[in-house]
Amino acid sequence: PIGAKVDRWLRDRKGNPAVPFGAYMTAREWAKFGRLLLHKGKWNGVDVFPGERLAECLKGSKAQPAYGLNFWLLKSRLSQLKGKVPQDTFMAVGMFTHLLYVIPSQDLVIVRLGASKRSSLNTRAFHGPFLTALFGEARFEATPTTDTPAKDPPASAGTSASQPTGR
């Protein structure tokens with residue numbers, strides 16, 4: 001319904017698409033997906049999925065408050081960015097440093113595609129300067145807690161995407 005085209009899907013041993021991380025798409029297609037998330041499951045006013053389902057995906061667990069269902073939550077007290085970054089920011093982190101930020105309070109979707117020399121990205125080192133460039137001062141601060149400090153998401157967490165094919 002949103003007109004997104006998937007170049008290819010990674011599949012499991014039984015041939016099923018690996019939905020949480022296996023879609024290879026261009027930045028434009030990921031932006032469509034981000035827009036669908038931004039509008040809580042609506043596309044041009046039409047319900048594609050219930051907004052309550054997305055709300056469930058954006059709840060951290062007791063074991064990992066910084067991570068919902070396939071989304072990293074910047075509002076979590078374990079991975080909270082202090083400063084001017086909107087606290088409703090959430091993101092998907094994919095392989096090869098692909099990032100999808102959704103910031104509902106700013107009506108903003110940001111897609112970052114790019115291969116690094118390594119297949120992982122030190123997300124704390126990247127997000128701080130990147131978000132500071134967008135919103136002003138932004139820094140990671142640990143909140144005193146008895147919980148284990150949050151770790152950077154693994155490279156395979158979230159979504160993956162392909163480079164634009166030029167087609």
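This section walks through the sheet, the main helix, the nonpolar cores and the ring contacts of a predicted model.

The sheet is a good place to start. Four strands make up an open sheet, arranged in the order β5-β7-β8-β9 with antiparallel pairing. The edges are formed by β5 and β9, each of which pairs on one side only. At the β5 edge, two bridges hold β5 and β7 together in the antiparallel sense, and L73 has F90 of β7 as its bridge partner. Further into the sheet, β7 and β8 are joined by four bridges, again antiparallel, with M91 standing opposite Y101 of β8. The antiparallel strands β8 and β9 share five bridges, and here I103 stands opposite L108 of β9. The hairpin of β8 and β9 has four residues between the strands, and in this hairpin D107 adopts a positive phi near 50 degrees.

Strand β8 deserves a closer look. Five of its five residues are buried, so β8 is largely enclosed by the rest of the structure. In a regular strand, side chains tend to alternate between the two faces of the sheet. In β8, L99, Y101 and I103 lie on one side and L100 and V102 on the other, and all of them are buried, leaving both faces covered.

Strand β9, which spans residues 108–112, contains V109. With a relative accessible area of 25%, V109 is partly exposed, because the cut-off for a buried residue is under 20%. Beyond its neighbours within four places in sequence, V109 makes contact with A31, G34, R35, L38, L100 and Y101. V109 and M91 are separated by 18 residues in sequence, and their C-alpha atoms lie 9.5 Å apart in space.

The helix α1 comes next. It has 12 residues and reaches 16 Å from its first C-alpha to its last, close to the 16 Å expected at 1.5 Å a residue. The buried residues of α1 are E29, W30, G34, L36, L37 and L38. Their cover includes β2 (23–24), β3 (42–43), α2, β7, β8 and β9. Just after the helix, K40 takes a positive phi of about 55 degrees.

Helix and sheet come together in the nonpolar interior. In soluble globular proteins, nonpolar side chains tend to be buried together. The largest nonpolar core of the model has 15 residues, and L37, F71 and F90 have the most contacts inside it. Two or more residues of this core come from each of α1 (27–38), α2 (51–57), β7 (90–93) and β8 (99–103). The largest share, three residues, is given by α1. Setting aside residues up to four places away in sequence, L37 touches F49, L54, F71, F90, L100 and V102. A second, separate core contains 13 residues, among them A66, W72, I110 and F126.

Aromatic rings add further detail to this picture. How many aromatic pairs does the model contain? The count comes to three. One of them is formed by W30 and F33, an edge-to-face pair with 5.7 Å from centre to centre and 75 degrees between the planes. W30 and F33 are three residues apart in helix α1, and therefore about one helical turn separates them. Within this pair, W30 is buried, at 4% relative accessible area, whereas F33 is partly exposed, at 24%.

The pair of F71 and F90 is edge-to-face too, because the ring centres lie 5.4 Å apart and the planes stand at 85 degrees. This pair links distant parts of the chain: F71 sits in the loop between α2 and β5 (72–73), F90 in strand β7, and 19 residues separate them. Both F71 and F90 are buried. F90 thus appears in several parts of this account: in the largest core, in the bridge to L73 and in the ring pair with F71.

Two arginines also sit over aromatic faces. R8 lies over the face of Y24, 4.1 Å from the ring centre. R35, one of the contacts of V109, lies over the face of W43, at 4.2 Å from the ring centre.

Technical notes. Residues are numbered from 1 along each chain as its sequence is written. This is a predicted model: local features need pLDDT of at least 70, side-chain atom pairs count only at pLDDT 80 or more; totals for chains, interfaces and linings use all residues. Side-chain values use heavy atoms; hydrogens and water are left out. A nonpolar core is a set of buried Ala, Val, Leu, Ile, Met, Phe, Trp, Tyr and Cys residues joined through side-chain atoms within 4.5 Å. Buried means under 20% relative accessible area, exposed over 50%, partly exposed in between (1.4 Å probe, protein chains only). Contact means heavy atoms within 4.5 Å. Rings of Phe, Tyr and Trp (its six-membered ring) pair if their centres lie within 6.5 Å; planes under 30 degrees apart count as stacked, over 60 as edge-to-face and the rest as tilted. A charge sits over a ring if NZ of Lys or CZ of Arg is within 6 Å of the ring centre and within 35 degrees of the ring normal. Two strands pair if DSSP finds at least two bridges between them. The expected span of a helix is 1.5 Å times one less than its number of residues.
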